[in-house]
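Please find below my notes on this model, set out as numbered points. They are meant to be read with the sequence and the coordinates open alongside.

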Amino acid sequence: MTPCDATLTLDAAAAIRWDVVVIGAGPAGSSAALRMARHGLRVLLVDRGTMPRGKLCGCCLSTAAVVELARLDISADGGPLARAVPLRRISVAAGGRVAPIDVRGGATLSREALDAGMVAAAVAAGCEWLPQTTALSIDEQTDGTEPWVSVAVRTSRDAGTATIECHRLLLATGLTDHVRFSREASPSTARTVAARSRIGIGGVLPATAATLPPGELLMAVTPVGYCGVVRLEDGRIDVAAAVDRHALSASEPAAVVRRIVSEACGSRTAAALDGLESVVMRATPALTRSAPLVEGRHRLVLRVGDAAGYVEPFTGEGMGWALAAGRLAAEALVNSDSTTLAPADIAADRYARSHARHFAPRHARCQRVAAGLRLPRLVRLAVRAAQLAPWAARLAVPAVTGSRASQHVMDRPPAGAAS
Ligand SMILES: Cc1cc2nc3c(=O)[nH]c(=O)nc-3n(C[C@H](O)[C@H](O)[C@H](O)COP(=O)(O)OP(=O)(O)OC[C@H]3O[C@@H](n4cnc5c(N)ncnc54)[C@H](O)[C@@H]3O)c2cc1C
């Protein structure tokens, strides 16, 4: 039995009031749950799915994501980083030209391996795990003393329902956040979606679908969107694209992906994505969005990861941002004695401050890159320049992706290897 199989019953989950309940077991939720469980808090991690599970994602860990994972110290005994493949080259393609750029510090890893590994690490740290359970609605309760949060949930195991109680709630539900708030819990749940936001589409193809070598990311850019193609650690080919909504009104997602790759790189590469039309394609809602960081009259609910806001994925930072948000939320929620919860107001203010400091400049840079990608001449010029001066392109990568040259965890030998 793997740690992910060690699940709680719904009745057991509803029987106690948890210190923290985390809804959503992506990188944001799992990293927060893991950290808070290590502080000795009673933490419940809930997800509507099971592990391992796939997720629409480019599956490229940025340098910052690799550093965040290394900080979690979960790589021993085959943890997620131990399986990741170092990313050595990004080939950017536009208008039929391809510019290969050598890179260091990042990695590729399937979401099955990353997310299941993170949940297993959280369970090993003492967190309880409740899969196949969907959070439906959130309410705040008080009996005149300390307020608490109640979450109505339904399990897909036997369609049973229950109410789970906690002192603090983390919403780490990603982009598809359908959890309802009672009027008491949240007087205003203003979410904003950027007017021209693209949407995500993608799928995973068999290993034979393309000849792409491991450690190389093909990034195909066109005016209607862009698409990343990469070989995963188990050999399969991951395809993930961000496209204009209108492109999907007349064509199937697979046809849109094939058109992007074909236009950007030339038809030979596109034809090499064998079987693209027969894989199950996933889709996301609008990608560039934001939602309130702190919810509820008593400020007991914090949003982390994509649930708090996201900017489209060209720079490949979403998982790193999610891991960092989980860390910041855990640091804000736990007192400096490191075993008890900080008062709600202090935690909420601390989280809002550290979140703004960390993410405002990153989101702004990413938004500038996204705007530039909508200018075809600029993109073609950049690819041409990268072809002519690969050394300059290499130097420009950190400015685009925000990675720091000093952070090269993937260059180090795995833990325990002979020096
Ligand atoms: C096309 C595309 C390509 C991308 N490429 C990259 C890339 O190469 N590199 C990168 O770093 N990032 C990439 N990203 C972004 C990355 O996938 C996300 O930013 C990251 O997964 C966010 O993590 P999270 O934990 O916030 O949310 P998620 O990973 O989305 O996890 C949310 C979890 O919440 C659960 N959930 C949702 N609602 C409920 C509910 N009501 N009850 C219970 N559980 C619920 C879901 O089942 C899910 O497990 C890409 C995104 C897209 C769309």
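Which residues of helix 12 are buried?

1. The model is a predicted one, and the question is best answered from its helix 12, residues 390–401. The buried residues there are A393, V397 and T401, and they lie on the same side of helix 12, because the arc they cover around the axis is only 65 degrees. The general background is that an α-helix has 3.6 residues a turn, so that residues three or four places apart point the same way.

2. The opposite face deserves a look as well, since W391, A392, L395 and A399 are exposed and sit on the face of helix 12 turned away from its buried side. As for what covers the buried residues of helix 12, strand 6 (97–102) and helix 11 (376–388) are included.

3. The geometry of helix 12 can be checked against expectation: its twelve residues should span 16 Å at 1.5 Å a residue, and the C-alpha atoms at its ends are 17 Å apart, which agrees. After helix 12 comes G402, which has a positive phi, near 75 degrees.

4. A386 belongs to helix 11 and is buried, because 24 other C-beta atoms lie within 10 Å, where 20 or more are needed for that label. When its neighbours within four places in sequence are left aside, A386 has contacts with V92, A99, I101 and A393, and the last of these, A393, is itself one of the buried residues of helix 12. A distance that may be useful when inspecting this region is the 9.5 Å between the C-alpha atoms of A386 and A396, which are ten residues apart along the chain.

5. Helix 2 (27–38) has a different setting to describe: twelve of its twelve residues are buried, so helix 2 is largely enclosed by the rest of the structure. Among these buried residues are P27, R35 and R38, and the elements against which the buried residues of helix 2 pack include strand 1 (17–23), strand 2 (43–46), helix 3 (63–72) and helix 9. From first C-alpha to last, helix 2 reaches 16 Å, close to the 16 Å expected at 1.5 Å a residue, and just after helix 2 the residue G40 takes a positive phi of about 90 degrees.

6. Turning to the ligand, 46 residues are around it, and those that come nearest are G26, G58, G174, G305 and G318. Two or more residues of the shell are given by each of helix 2, strand 9 (133–141), strand 14 (199–205), strand 17 (237–243) and helix 9 (318–333), with the largest share, four residues, coming from helix 9. By class, the shell around the ligand has 22 nonpolar, 18 polar and six charged residues.

7. The domain assignment gives domain 1 as 3–60 + 112–194 + 287–369 and domain 2 as 76–108 + 195–285 + 375–401. Both domains give residues to the shell around the ligand, so the ligand lies between them. The C-alpha centres of domain 1 and domain 2 are 29 Å apart, while 25 residues of domain 1 are in contact with 28 residues of domain 2. On the side of domain 1 that touches domain 2, helix 5 (residues 111–124) gives the most, with five residues, and that side is made up of 15 nonpolar, seven polar and three charged residues.

Note on methods: Residues are numbered from 1 along each chain as its sequence is written. This is a predicted model: local features need pLDDT of at least 70, side-chain atom pairs count only at pLDDT 80 or more; totals for chains, interfaces and linings use all residues. A residue is near a molecule or strand if its C-beta atom, placed from the backbone, lies within 6 Å of it. Ala, Val, Leu, Ile, Met, Phe, Trp, Tyr, Cys and Pro count as nonpolar, Asp, Glu, Lys and Arg as charged, and the others, Gly among them, as polar. Domain bounds come from an automatic or database domain assignment. Two residues are in contact if their C-beta atoms, placed from the backbone, lie within 7 Å. The expected span of a helix is 1.5 Å times one less than its number of residues. The arc is that of the directions from the helix axis to the C-beta atoms.
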